[in-house]
Each structure stands twice: as structure tokens, then as C-alpha cells.
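These are my notebook entries on a structure I looked through residue by residue. I kept to charges, strands, cysteines and backbone angles.

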Amino acid sequence: MISIKTEEEIEFLRESNLLVGKTLGEIAKHIRPGISTLELDRIAEEFIRAHDAEPGFLGYGGFPNSLCISVNDVVVHGIPSEKCILKEGDVVSIDCGTLKNGYYGDSAYTFEVGEVDAEIHRLLNTTKASLYKGIEKAVAGMRIGDIGYAIQSYCEAAGFSVVRELVGHGVGKDLHEEPQVPNYGRAGQGIKLKEGMVIAIEPMINLGGRQVYIENDGWTIRTKDRKPSAHFEHTLAIRKHGVDILSSFDYVEKELAR
């Protein structure tokens with residue numbers, strides 16, 4: 001069942017999602033060679049709690065931390081660890097969730113650690129651009145397949161591959177609601193988008209092949225060929241005209257511009 005949100009609910013969701021954006025902005029201050037992913041997780045949890053919210057991922061489905069931190073060939077759901085130390089040339093996806101006023105926020109950004117290879121830089125730029133290609137299709141009257149087709153066609157034309165096993169989703173009082181939002185598909189196919197739906201669009205794009213596998217911890221998902229992956233995510237509300245993005249990269253990009 002797909003939940004249609006009221007205007008009041010959308011504003012609660014906006015508050016939660018803007019806090020995710022602010023948290024990612026705080027994390028951006030600390031992305032550097034030599035820092036552990038567990039330290040980044042600690043910074044995020046303290047920041048979220050200081051803003052009268054709870055980490056949305058902590059304990060969700062048994063997940064042990066506040067952030068999913070996925071380095072290089074880890075696609076998503078990387079578990080923070082004091083043994084995982086960022087180094088020059090890494091790329092690291094930070095996926096963050098918050099829970100405030102009973103509603104979830106969910107957004108992700110992939111960071112470069114120092115200077116990265118040109119092809120990896122192009123992967124990140126393409127993945128981020130594909131997110132906005134998908135968002136352009138996220139208006140009432142369009143279909144889920146229009147979003148996936150926009151992302152898939154853009155990334156594959158650039159020579160990259162689209163992960164199939166992991167998808168975007170509805171967001172509300174639950175972190176993962178219906179509908180599923182794949183990053184591939186056929187234009188004009190799938191569920192019709194209606195005003196008041198709130199969804200997360202999150203392309204997960206690989207430098208090499210699209211195949212992935214889950215490690216023995218039950219969470220960490222890596223590329224089979226061990227080539228890097230990128231992940232960007234926004235949560236947005238479906239409107240009749242235009243796009244209403246509830247999360248924000250502004251806080252991250254303000255820090256990166258420094």
C-alpha cells in the first residue's frame with residue numbers, strides 16, 4: 001500500500017531530511033585521509049541527537065550504527081569500523097537517516113578523499129547527475145519506470161553499470177515504504193506517480209560490472225569485480241508541477257567549496 005502524505009506530513013519529512021543534509025555537511029568537514037569510519041559515525045550520531053532527533057539507521061533491522069559508510073568497492077550498507085581508515089584516493093558513500101517527529105529522513109552523498117583517479121571522478125559526477133535526471137521525471141502523472149529509465153540510460157551511455165538488486169523506496173513513518181523505485185526500467189511502465197507520494201531516489205552505479213554480493217556480516221554489499229561504486233540519494237515529494245526535494249546537498253557542497 002502506497003501512503004499519500006498530507007502537507008503537514010511533508011513538512012515533518014522536510015525537517016527530518018534537512019537534518020540529514022546538515023549532518024552530511026557536518027561529516028564533510030571531517031572527510032580526510034587518516035580518519036576512521038567509526039569516528040565519522042560517532043560525529044554523526046552526536047550531531048543528530050544534538051538536534052533533537054534519533055539516528056534513523058541505528059538498530060534498524062539490526063544495523064549496528066548510525067551511518068552506512070561504504071568505501072570504494074562497497075556499494076552500500078558498509079558498517080563503520082575503527083579499523084577502516086580513509087586514505088588518499090578513496091571514495092566513500094555516506095548514507096544517513098534521521099527520525100524526528102515520527103518521520104524519517106534519508107539521503108546519501110559520495111565523497112572523494114583527496115585526489116581520485118579521473119575515471120572514478122567521472123563515475124561520481126555521472127552518478128550524481130543521473131540522480132537529477134531521475135528527479136526530473138518524479139512528477140505526478142509520470143511512472144516509476146520513467147525514473148529508472150532516465151537514470152539507466154544516462155549512466156549506461158557513459159559506460160557505467162546500474163546495480164539491479166538495490167532500489168529506492170517510499171519514505172514516511174517507516175524508513176522503507178512502498179513503492180520500490182528501481183534505477184533501471186522502461187519509460188511509461190510501472191506505478192503512476194501521484195501528488196503526495198514521498199520517495200527516495202538513489203542511483204547506485206558501478207565503474208565495472210553491475211554484479212554485487214553480500215559479505216558474511218549480512219550487510220556489506222560489494223561489487224563482484226571489486227571496482228568502485230558511487231551512490232547519491234535524495235528524498236522528494238511528488239507534486240503536480242516541478243520537483244520538491246526535501247533533502248539537501250547544499251550543506252555538503254558549501255563545505256566542499258572551502
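**Entry 1. Arg14 and Asp244.** I began with the salt bridge between Arg14 and Asp244, whose closest N and O atoms lie 2.9 Å apart in this predicted model. Arg14 belongs to helix H1 (residues 7–28) and Asp244 to strand S15, so the pair ties together parts that are 230 residues apart in sequence. I then looked up the accessibility of Asp244 and found this residue buried, at a relative accessible area of 14%. The pair does not stand alone: Glu7, Glu11, Arg14, Arg239 and Asp244 are linked in a network of salt bridges.

**Entry 2. The sheet that holds S15.** I followed Asp244 into its strand. Strand S14 (residues 234–237) and S15 run antiparallel and are joined by two bridges. Across from Asp244 in S15 stands Ala237. I next asked which strands make up the open sheet and in what order they come. There are five, in the order S8-S7-S9-S14-S15, with antiparallel pairing. S8 and strand S15 (244–245) stand at the edges with a single partner strand each, so one side of each has no neighbour in the sheet.

**Entry 3. A cis bond in S8.** At the other edge strand I checked the backbone. The peptide bond from Glu178 to Pro179 is cis, and its omega is near 5 degrees. Pro179 is part of strand S8 (residues 177–181). I noted this bond because most peptide bonds are trans.

**Entry 4. Other salt bridges.** How many salt bridges does the structure hold? I recorded 17. One of them joins Arg42 to Glu39, with the closest N and O atoms 2.4 Å apart. Both residues lie in helix H2, three residues apart, which is about one turn of the helix. Arg42 is partly exposed at a relative accessible area of 37%, and Glu39 is partly exposed at 30%. I also entered the salt bridge of Lys87 with Asp90, where the closest N and O atoms are 3.1 Å apart. Asp90 is buried, with a relative accessible area of 3%.

**Entry 5. Glu202, a buried acid with no salt bridge.** I then looked for the nearest opposite charge to Glu202. This residue is buried yet has no salt bridge, and the nearest side chain of opposite charge, Lys5, is 14 Å away. A salt bridge needs the nitrogen and the carboxyl oxygen within 4 Å, so Lys5 at 14 Å does not qualify. What does the side chain of Glu202 meet in a polar contact of 2.8 Å? The partner is the side chain of His231. Glu202 sits in the loop between strand S9 (198–201) and strand S10 (204–206). Beyond its neighbours within four places in sequence, the contacts of Glu202 include Asp95, Asn183, His169 and Phe232.

**Entry 6. Strand S2.** I turned to accessibility along a strand. Strand S2 (residues 67–71) is mostly covered, with five of its five residues buried. Leu67, Ile69 and Val71 point one way from the strand, Cys68 and Ser70 point the other way, and all are buried. S2 pairs with S4 in the antiparallel sense over five bridges. In this pairing Val71 stands opposite Val92 in S4.

**Entry 7. Cysteines.** With Cys68 already on the page, I asked how many disulfides the structure has. By a cut-off of 2.5 Å between cysteine sulfur atoms, the count is zero. Cys84 is in no disulfide, and the nearest cysteine sulfur, that of Cys68, is 13 Å away. Cys84 is partly exposed, at a relative accessible area of 28%. Cys155, in contrast, is buried, at 0%.

**Entry 8. Positive phi angles.** Most residues other than glycine have a negative phi, and I therefore listed the exceptions below. Asp52 is not a glycine but has a positive phi of about 60 degrees. Asp52 lies in the loop between helix H2 (37–50) and strand S1 (54–55), and at 67% relative accessibility counts as exposed. His77, also not a glycine, has a positive phi of about 65 degrees. His77 is found in the loop between strand S3 (74–76) and strand S4 (91–100). I entered His77 as partly exposed, with a relative accessible area of 24%.

Notes
Residues are numbered from 1 along each chain as its sequence is written. This is a predicted model: local features need pLDDT of at least 70, side-chain atom pairs count only at pLDDT 80 or more; totals for chains, interfaces and linings use all residues. Side-chain values use heavy atoms; hydrogens and water are left out. Buried means under 20% relative accessible area, exposed over 50%, partly exposed in between (1.4 Å probe, protein chains only). Helices (H or I, at least four residues) and strands (E, at least two) are DSSP runs, numbered from the N terminus. Lys and Arg count as positive and Asp and Glu as negative; His and the chain ends are not counted. A polar contact is a pair of N or O atoms within 3.5 Å; within protein, one must be able to donate a hydrogen and the other to accept it, and residues adjacent in sequence count only if both atoms are side-chain atoms. Contact means heavy atoms within 4.5 Å. Two strands pair if DSSP finds at least two bridges between them.
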